[in-house]
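Please look at the sequence and the structure shown below, and keep both in view while reading the report that follows.

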Amino acid sequence: MVRTRFAPSPTGYLHLGGARTALFSWAFARRHKGTFILRVEDTDLERSTPENTQVILDAMAWLGLDYDEGPFYQMQRMDRYREVLKQLIEEGKAYYCYASKEELEAMREEQIARGEKPRYDRRWRDSRATPPAGVSPVVRFKNPLDGAVVIDDLVKGRIVVNNCELDDLIIARSDGTPTYNFCVVVDDWDMQITHVIRGDDHINNTPRQINILKALGAPLPQYAHLSMILGADGEKLSKRHASVSVLDYEKAGFLPEAMLNYLARLGWARGDEELFTMAQFVEWFDLAGVSKSAARFDAEKLAWVSAHHLKQADASRLAELSRPFMLRDGCDCSHGPDFAQVVELLRERVKTVEELADAAVYFYRPLDPETQVLEQHVTTDILPVMAELSDRFETIEWTREAIHEVMKSTVAAHGLKFPKVAMPLRVLVTGEPQTPAVDAVLALIGKQEVVARLRHQLAKLASGFIPE
């Protein structure tokens with residue numbers, strides 16, 4: 001059975017690259033009816049915090065990347081790591097190294113002076129010398145001295161690393177705590193991971209981890225290293241390109257299915273498919289479709305994908321998601337037109353839930369049009385027509401069709417073109433020059449509110465500045 005894992009370190013937020021790794025690992029497990037495991041690698045005691053862990057869990061929950069086992073925490077597995085360390089030492093596959101920092105630095109300087117690649121010279125590997133007093137040793141793994149590690153990477157292809165290029169890795173610090181590369185190996189072994197899908201910044205770790213797994217007699221997982229995500233300028237993705245924390249996109253009003261759709265296309269393709277559901281992605285996903293080249297983040301494309309998913313989402317769900325943004329704008333959408341109907345009318349014009357909420361404000365709160373907008377669309381000759389409309393609106397059944405007929409007959413009676421009436425009416429009632437069809441907007445705002453707003457704006461214009 002396929003068993004994949006996502007293993008973030010809680011030293012910060014879940015960034016876009018990590019979220020894509022989680023998505024691909026999750027989708028691969030789901031595609032193959034396997035198991036997806038969440039493992040928190042929290043051994044960096046200085047930078048790992050409970051708050052960061054919770055941020056990662058919250059981001060996974062928002063994205064809907066559900067896991068079958070976990071979360072497992074490395075700090076709760078220390079006894080197991082020490083047990084395996086002891087085994088390796090007793091079997092002669094690891095050893096205590098007493099070299100001091102000063103010795104290692106001198107060694108490094110001498111190697112550089114000779115034009116050699118600096119590395120540990122294995123001086124304690126088979127030493128029979130008496131350990132120096134007062135020195136707490138590290139534990140190093142006895143890496144094979146000859147041969148090569150061959151990795152048939154499921155994304156990158158065959159990678160060959162000669163063992164002579166690898167030094168004896170420290171697998172436990174002088175205080176006894178195991179290091180990252182060792183903990184990962186034990187975890188993958190114990191959790192029976194079959195496929196390790198992770199960023200290609202881990203490629204240098206992989207041959208070292210494979211050698212430790214072989215020393216333990218453990219089965220080897222298959223590896224798939226994903227190329228990094230770059231900014232549009234080809235540089236490593238950072239805050240100057242985009243918000244790189246996943247939860248920043250929730251705060252900005254993106255739907256999780258839009259983020260997943262976009263992340264899926266960052267380095268993976270199936271023909272020309274651009275827009276799809278997660279059910280379709282799971283059905284289609286295969287590591288053979290993952291590109292070897294780095295992907296580039298494109299904010300405009302993300303907005304396009306987001307707009308598509310907003311159009312597909314349930315209107316009632318969008319209304320609920322929009323409420324916090326509405327309240328932030330000082331709008332209580334529990335009073336006024338049915339918010340789901342407002343959402344249905346506005347969703348074609350927006351790219352995020354935040355934009356949707358911003359666009360809905362005038363349905364629940366009168367907005368004064370800007371002077372420039374008034375000057376452009378509300379002229380002296382049209383004011384009597386607006387006053388006539390306000391009177392006629394009071395007498396009709398309040399439907400979109402009836403509103404349109406009143407506007408149409410008023411336009412005809414005055415020998416005007418429809419936009420000559422529709423634009424000033426829109427501006428005076430909503431405060432905005434751009435809205436969906438004005439009759440649909442007025443129908444939702446309501447007769448009493450439309451007439452009140454129209455008369456209020458006409459009164460202001462009559463008592464003050466009236467654009468020519």
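## An open sheet of three strands

In this predicted model, 3 strands form an open sheet, arranged in the order β4-β5-β8, and their pairing is antiparallel. The edges of the sheet are taken by β4 (94–97) and β8 (170–172), and because each of them has a single partner strand, one side of each is left without a neighbour in the sheet. Neighbouring strands here are turned against each other by 45° on average, when direction is ignored.

The pairing of β4 with strand β5, which covers residues 138–141, is antiparallel and runs over 4 bridges. One place to find this pairing in the model is Y96, whose bridge partner in β5 is V139. When looking along such strands, it helps to remember that in a regular strand the side chains alternate between the two faces of the sheet.

## A hairpin

Another antiparallel pairing is that of strand β6 (residues 148–153) and strand β7 (residues 157–162), which are joined by 6 bridges. These two strands, β6 and β7, form a hairpin, with 3 residues between them. Within the hairpin, D152 stands opposite R158, a residue of β7.

## Two helices that cross

How do the axes of helix α5 and helix α6 cross, and at roughly what angle? The axis of α5 (residues 180–190) comes within 10 Å of the axis of α6 (residues 206–216), and the two cross at roughly 55°. An angle of this value falls neither under 35 degrees nor in the range from 65 to 115 degrees, and α5 and α6 are therefore described as oblique to each other. The crossing of α5 and α6 is, in addition, right-handed.

The residues that meet at this crossing can be named on both sides: Y180, N181, F182, V184, V185 and W189 belong to α5, while Q209, I212, L213 and L216 belong to α6. Sorted by class, the contact of α5 with α6 consists of 8 nonpolar and 2 polar residues, with no charged residues.

## Aromatic pairs

The structure holds 14 aromatic pairs, and one of them is formed by F339 and Y364. The ring centres of F339 and Y364 are 5.8 Å apart and the ring planes stand at 90°, so this pair is edge-to-face. Because F339 lies in helix α12 (residues 339–346) and Y364 lies in helix α13 (residues 353–364), the pair ties together parts that are 25 residues apart in sequence.

Terms used. Residues numbered from 1 in each chain as written. Predicted model: local features only at pLDDT ≥ 70, side-chain atom pairs only at ≥ 80, totals over all residues. Heavy atoms only, no water. Axes fitted to C-alpha atoms, helices over the stretch in contact; angles between N-to-C directions. Parallel < 35°, antiparallel > 145°, perpendicular 65-115°, else oblique. Left-handed = near helix turned anticlockwise from the far one by under 90°. Contact = heavy atoms within 4.5 Å. Nonpolar A, V, L, I, M, F, W, Y, C, P; charged D, E, K, R; others polar. Pairing = 2+ DSSP bridges. Phe/Tyr/Trp six-rings, centres within 6.5 Å; stacked < 30°, edge-to-face > 60°.
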